[in-house]
Amino acid sequence: MSTLTTTAETEAPAAAPARPAYRVTGRRVLSSEWAKLWTLRSTWITLGLALLFMVAFGLIASARYKSNIDSGHHMDGDFARSTAVSLSLFGTHFAQLALGVLGVLVTAGEYSTGMIRSTLAAVPRRLPVLWSKAAVYGLVALVVATLGAFVTFGIGSGMISGTPAAMGFSHAGVARSLLGAGLYLGLVGVIGTALGALLRSVAGGISVLVATLMLIPGLISLLPSSWQDNINPYLPSNAGESMFALTHDSTTLSPMAGLLVFLGWTALALAGAAYRLVRSDV
Amino acid sequence: MIEAQQLTKRYGEKTAVDGLDFTVKPGTVTGFLGPNGAGKSTTMRMIVGLDAPTSGSVTVNGQPYARHRAPLQEVGALLEAKSIHPGRSAYHHLRTLALTHGIPRSRVDEVIDLAGLGSVAKKRAGAFSLGMGQRLGIAAALLGDPQTVMLDEPVNGLDPAGVLWIRNLLKALADEGRTVFVSSHLMSEMALVADHLIIVGRGRLLADTTVPDLIAEAGGDVVKVVTGEAGRLRDALAGPGVDITGRIGSEELQVTGLSAREIGSTAAEHGIALFELTPRTVSLEEAFMNLTRDAVEYHGSTTATETPEAAGRTA
């Protein structure tokens, strides 16, 4: 109580002109979202898991390839045609789950806890919150994933040196593939935040994310094959895979086309999220 | 200053807020009262732009909330439901809100001290008791040093010391010239802090009044007098603004407009013996119940359960 009365005495006579000139700016919303991300334990745990999946599964794949070659075991077609890049990026499929789920938590977590009311009371224009969340988390996911890709390739390519799959960083397309994987996972993070904001539910967001990245490609195989060929390359998961695959054939998109298509999906998800954020009550 | 004009919110068929017109002025504590489901929380959510009005409008310090450059400096709001992430510490919760406005760290520490959260500021807010959570919500509301403070059911879950703290805080804020808008369904609590009352029921404005006016309207302060010379006393007391009722032949009179002291003195001057002289104040609780009887959304199955509770609060 004493604190209040003292501030009352010092502030009251000064009146309006002495009030500090606070103001909401885009950069400040960004810094707030940055602080929000790192002040939750779940961020550290999930990012750690994503990095672990990325590195551990990549190295396990590399080690298995190496031991199969050494022992002269027969390998099935796909695995036999592996490259140092495809082996190192084996963990991408698992890391995308961790990074996508954290993306959903970044936005939908605010709705499930009620934090969103505080957030939107502070930034009632709303949209800066969505852009900041997507930018901050997308960047973090990109950095973690790129780090994971390069570390795994650095160690993994050493493990399989001397095998048909061996490659170095200077090999054509390697750097592009590793960066592509980082970019893909960063965008998966952005899609996660968009789905979380669109659906406002952690469970809903994760379900749609998993369905989009993992189930839909399976469902498409039920369609007539002529349709499949037209649709398949443009699915989010396949377009994304084109971004980091080392080799491309007639059934897949080029890395740049894959990036553009995947960016399109990301923009679509963000547009849906922005629409719902602006239009509906909290 | 909060101004609502024909503020209306409909959820499908149900009208939660129905054409509310009111003004909340600076320098006083304005109580926002109504039974559960009267539309108080919805109104408050519309004031800070969380819900969009179906029609009508509400402005804060002359502009819609979202138009302000520093919203937290205009209105500090404590809303009914928890508005925190349970995994974040109280300090970091306040800090993330402060960052959006460029509010310095020192102000975060200040409101933490002000709300008495110093010892728990680094703990996860999810582990807080209801009372501590309320204190954190109030700290967040005061963070931007706002001109208008709006609190939805602030005493919920607070212990007696906390209730007293809120009471003094609200009065101090109003004395500093701020607009203070507090909702409650506890009339007795409001009677202690509020100067002005806005009463709603089923989303409609029932009264926009002051505490004394509300009591006066509900029957005011009545003094019951019993005397053997009712007719003589009646003549002795008669005057402007004095209302005396009583059955002919009965010894009992109900007097409004005079205090028990005045009635006693007048009776003594005229040498009239009084057998009973009992002031009876209509409690704010009763006045409120009378006003909102028809507007109560959720009736209990018996009224008996309400009475002891109400009596307990008034006492």
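In the predicted model, the second largest cavity encloses a volume of about 60 Å³, and it belongs to a set of four cavities of 30 Å³ or more that a search of the whole structure finds. The lining of the second largest cavity is made up of A:Thr107, A:Tyr111, A:Ile116, A:Val129, A:Leu130, A:Lys133, A:Ala197 and A:Leu277. Two elements of chain A, helix H6 (92–113) and helix H8 (127–159), each contribute at least two residues to this lining, and H8(A) gives the most, with three residues.

Two of the residues that line the second largest cavity, A:Val129 and A:Lys133, also appear among the contacts of A:Glu33, which touches A:Glu110, A:Thr119, A:Val129, A:Ser132, A:Lys133 and A:Val136 when residues up to four places away in sequence are not counted. A:Glu33 itself is located in helix H2 of chain A, which spans residues 26–38. With a relative accessible area of 5%, A:Glu33 falls under the 20% limit and is therefore classed as buried.

Helix H8 of chain A, which supplies three residues to the lining of the second largest cavity, also contains A:Gly158. The relative accessible area of A:Gly158 is 45%, and this residue is therefore assigned to the partly exposed class, which lies between the limits of 20% and 50%. Between A:Gly158 and A:Gly168, which are 10 residues apart along the chain, the separation of the C-alpha atoms is 8.6 Å.

Apart from the cavities, the pockets of the model were examined. The largest pocket holds about 1000 Å³ of space. It is lined by 27 residues, of which A:Asp78, A:Ser86, A:Glu241, A:Ala245 and A:Thr247 are the closest to its centre. The elements that provide two or more residues to the lining of this pocket are helix H4 (77–80), helix H5 (84–88), helix H11 (225–231) and helix H12 (236–244) of chain A. The largest share of the lining, four residues, comes from H12(A).

Helix H12 of chain A also includes A:Phe244, a residue whose relative accessibility of 8% is under the 20% limit, so that A:Phe244 counts as buried. Leaving aside residues up to four places away in sequence, A:Phe244 touches A:Val85, A:Leu89, A:Thr92, A:Arg176, A:Ser177, A:Gly180, A:Ala181 and A:Tyr184. The C-alpha atoms of A:Phe244 and A:Asp281, by contrast, are 40 Å apart in space, with these positions 37 residues apart in the sequence numbering.

With regard to overall architecture, chain A has 13 helices and zero strands, and its elements, followed from the N terminus, run α-α-α-α-α-α-α-α-α-α-α-α-α. A box of roughly 85 × 45 × 30 Å, taken along the principal axes, is filled by the C-alpha atoms of chain A. Of its 282 residues, 47% count as buried, and among the contacts in chain A with a separation of 6 or more, residues 24 or more positions apart account for 79%. The accessible surface of chain A amounts to about 12900 Å², with 69% belonging to carbon and sulfur atoms. Chain A carries 17 positive and 11 negative charges, and the mean positions of these two sets are 10 Å apart.

Chain B, in turn, contains 12 helices and 13 strands, and its C-alpha atoms fill a box of roughly 75 × 45 × 40 Å along the principal axes. Buried residues account for 50% of the 315 residues of chain B. Where contacts in chain B join residues at least 6 apart in sequence, 68% of them link residues at least 24 apart. For the accessible surface of chain B, a value of about 13800 Å² is obtained, of which carbon and sulfur atoms make up 52%. The side chains of chain B include 30 positive and 36 negative ones, and the centres of the two sets lie 9 Å apart.

Technical notes:
Residues are numbered from 1 along each chain as its sequence is written. Chains are lettered from A and ligands numbered from 1 in the order in which they are written. This is a predicted model: local features need pLDDT of at least 70, side-chain atom pairs count only at pLDDT 80 or more; totals for chains, interfaces and linings use all residues. Side-chain values use heavy atoms; hydrogens and water are left out. Buried means under 20% relative accessible area, exposed over 50%, partly exposed in between (1.4 Å probe, protein chains only). Contact means heavy atoms within 4.5 Å. Accessible areas come from the Shrake-Rupley method with a 1.4 Å probe; for residues, only the protein chains shown count as cover. Lys and Arg count as positive and Asp and Glu as negative; His and the chain ends are not counted. The place of a charge is taken as NZ of Lys, CZ of Arg, CG of Asp or CD of Glu. On a 1 Å grid over the protein atoms alone, a cavity is a set of points where a 1.4 Å probe fits but cannot get out, and a pocket is an open set with protein on both sides within 12 Å along at least five of seven lines; lining residues have an atom within 4 Å of a point. Grid points are joined across faces, edges and corners, and a volume is the space filled by probe spheres set on the points.
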